[in-house]
Structures are given as structure tokens and as C-alpha cells.
Amino acid sequence: MKFIRGVKEEMKKVTWPTGKQLRRDAMIVIQTSIIFAILFYVMDTGVQTVFSWILK
């Protein structure tokens with residue numbers, strides 16, 4: 001029970017993000033994920049092309 005009480009007290013100290021902050025941060029994560037996906041796609045395609053030229 002002491003542990004649960006401690007957890008409840010600590011959770012009262014947490015500052016939760018506002019809806020606006022949460023949306024902004026989520027958009028940043030989504031945009032970063034898309035950028036990395038495109039970057040990895042371009043790099044993978046480039047490496048495949050180079051290896052196909054070498055192996056011909």
C-alpha cells in the first residue's frame with residue numbers, strides 16, 4: 001500500500017501536456033518518421049542500383 005500511495009503522490013506532481021502541445025509533438029514525430037522513411041527508401045534504391053550495375 002505504501003508503494004501505491006507513493007505512486008499517487010508522484011502522479012499529482014506530473015505536468016501533463018495540453019492538447020495543443022500533444023498535437024504539435026505528434027505532428028513532429030509523424031513528419032520525422034516520414035522523412036526517415038523517404039531517406040531510407042532513397043538510400044535503399046540507390047544501393048540496389050549500384051549493386052545491380054556491379055553484378056551485371
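**Figure 1. The aromatic pair in the predicted model.** The structure, a predicted model, holds one aromatic pair. The rings of F36 and F40 have their centres 6.0 Å apart and their planes at 35 degrees to each other, so the pair counts as tilted. Planes under 30 degrees apart would count as stacked, and planes over 60 degrees apart as edge-to-face. Both F36 and F40 belong to helix α2, which runs over residues 19–55. The two residues are four places apart in α2, about one turn of the helix. An α-helix has 3.6 residues a turn, so residues three or four places apart point the same way. F36 is partly exposed, and its relative accessible area is 44%.

**Figure 2. S33 and the backbone of V29.** This view shows S33, another residue in helix α2. A polar atom of the S33 side chain lies 2.9 Å from the backbone oxygen of V29. With a relative accessibility of 43%, S33 counts as partly exposed.

**Figure 3. The salt bridge between R24 and D25.** The structure holds three salt bridges, and one of them joins the side chains of R24 and D25. The distance from N to O in the R24–D25 bridge is 3.1 Å. R24 is partly exposed at 49% relative accessible area. D25 is partly exposed too, with a value of 36%.

**Figure 4. The salt bridge between K12 and E9.** K12 and E9 form a salt bridge in which the closest N and O atoms are 3.5 Å apart. The two residues sit three places apart in helix α1, a separation of about one helical turn. K12 has a relative accessible area of 64% and is exposed. Its partner E9 is partly exposed, at 44%. The cut-off behind these two labels is 50%: a residue over that value is exposed.

**Figure 5. The salt bridge between K13 and E10.** K13 pairs with E10 in a salt bridge, and their closest N and O atoms are 3.3 Å apart. K13 and E10 both lie in helix α1, with a spacing of three residues, or about one turn of the helix. K13 is exposed, with a relative accessible area of 59%. E10, at 46%, is partly exposed.

**Figure 6. Helix α1 from end to end.** Helix α1 covers residues 2–13. At 1.5 Å a residue, its twelve residues should span 16 Å. The C-alpha atoms at the two ends of α1 are 17 Å apart, which agrees with that expectation. Of the twelve residues, the number buried is zero, so α1 lies largely in the open. A residue counts as buried under 20% relative accessible area.

**Figure 7. The nonpolar surface patch.** F3, I4, V7, M11, V14 and W16 make a nonpolar patch of about 620 Å² on the surface. I4, one of these residues, has its place in helix α1. The relative accessible area of I4 is 44%, so I4 is partly exposed. That value is over the 30% that a residue needs to be part of a patch.

Terms used: Residues numbered from 1 in each chain as written. Predicted model: local features only at pLDDT ≥ 70, side-chain atom pairs only at ≥ 80, totals over all residues. Heavy atoms only, no water. Patch = residues over 30% accessible without salt bridge, like charges linked within 9 Å, V, L, I, M, F, W, Y side chains within 5 Å. Areas by Shrake-Rupley, 256 points an atom, 1.4 Å probe, with all protein chains shown as cover. Salt bridge = Lys/Arg side-chain N within 4 Å of Asp/Glu carboxyl O. Buried < 20%, exposed > 50% of the residue type's maximum accessible area, 1.4 Å probe, protein only. Phe/Tyr/Trp six-rings, centres within 6.5 Å; stacked < 30°, edge-to-face > 60°. Polar contact = N/O pair within 3.5 Å; in protein donor to acceptor, adjacent residues only side chain to side chain. Expected span 1.5 Å × (residues − 1).
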